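Colleague: Please choose one part of this model and take me through it slowly, explaining each term as you use it.

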Amino acid sequence: METQLVRWTEDGIEHSAVWRSTSGATPPKKIRVADDSMTADEAYRLACEGTALLWRGDFHNARQLGTAVAARADRKTRKTSTDPAAAFHLHRQTQSRRASILGMLLVPFDADQSIPLRRAPDVRQAVHEAYGPTDQPTVTTLRDLLGAIGAYEWQKKGVEISALGARIHPGYGVFSPIRGEYVDLVADTPLPSLAKAFDIGTGTGVLAAVLAHRGVRKVVATEVDAKALACARANLDRLGYSDRVEVVQTDLFPEGRAPLVVCNPPWIPARPTSPIEYAIYDPDSTMLRGFLRGLREHLEPSGEGWLILSDIAEHLGLRTREELLTMIDDAGLIVLGRRDVAPRHSKVDDRSDALHTARKKEVTSLWRLGVRDRP
């Protein structure tokens, strides 16, 4: 990828640095140097006008300023609708506007990726994990930096997976398996075979690890994203399953057939706005459709395809149950059974959440699929 530069004038001198953005945002064109004397109202006004603020004050004051600007953005964007689909799209617009405003607060880094601000923490390892190595001064958004710090803490701490009796460590940019109900479905559903399984779109490798933990002798886990591939391999090696789980880089299916093919595609058919959102949003249900269309050719006779899917898209008015069943039928598949579980995450009871009504009704299902007209 071509290196992008961010440019600004400071004390009458022209400066430039390498621009880094995990969301693929372009460098801001208008930049003003800011410090502790700037008020939240002024910062919010400038951000709304498209002027980015390169911070030169105290690091903790920058965080406080970001929180204050976020509060002002939230007060301005409380539109809603009684129509589920309209409410969802308003929610996404709100998220996008909020991200754009908060993306106007910038943080500089020296060539060694330390932050030249008062009371700044040592974030060099977190920055390395998020962006990769460099030996040049850089600039990124405070929002990006805080995301990188949080992700690095998750990576170090890991996520406890009860089905494994161990932790999965999500790498930066790889979606964390914090929704334990879908993992439990794979851990509890009777296996059609212990010989072999495919895990399509493995992410952190958590479902491949659960299958190996349950005694499946050979698991092929697929992934297209380079960061997810490295993350899955590291997790499986740490858990001691790398001798039974092969992680391969490919789009959807590996070569051959298996008696069990598992897939947990993104659940919401909408456009993602950042790389990590591809784990949540699947434009036009592309991955879901691809899995269903290809499943027949990758299942062994009497094999099962396990589709793990939330019905939240149905409650948001983005996809109907009839459309899902039609996709399954058009792919030459039949439903052998289904196991349902209610979500356990905190947003279920959060009435302030814009999607609370849909989340309250949400059910996550493991659909057991077979091939039609095959013995």
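Modeller: What follows is a close look at the sheet and at what lies across it. The model is predicted, so local features need pLDDT of at least 70 and side-chain atom pairs count only at pLDDT 80 or more, while totals for chains, interfaces and linings use all residues. Residues are numbered from 1 along each chain as its sequence is written, and side-chain values use heavy atoms, with hydrogens and water left out.

The open sheet is built from 6 strands in the order 1-2-6-5-4-3, with mixed pairing; strands (E, at least two residues) and helices (H or I, at least four) are DSSP runs numbered from the N terminus, and two strands pair if DSSP finds at least two bridges between them. Strand 1 (5-10) and strand 3 (30-34) are the edges, and because each has a single partner strand, one side of each is left without a neighbour in the sheet. From one strand to the next the twist averages 40°, where angles run from 0 to 180 degrees between N-to-C directions, and axes are lines fitted to C-alpha atoms, for helices over the stretch in contact.

Within this order, strand 5 (residues 105-109) pairs with strand 6 (residues 138-141) in the antiparallel sense over 4 bridges, and here Pro-108 stands opposite Val-139 of strand 6. Across strand 5 and strand 6 lies helix 5 (residues 142-157), which runs at about 85° to strand 6, contact meaning heavy atoms within 4.5 Å. Helix 1 (residues 40-48), in turn, lies across strand 3 and strand 4 (51-55), and its direction is at about 130° to strand 4.
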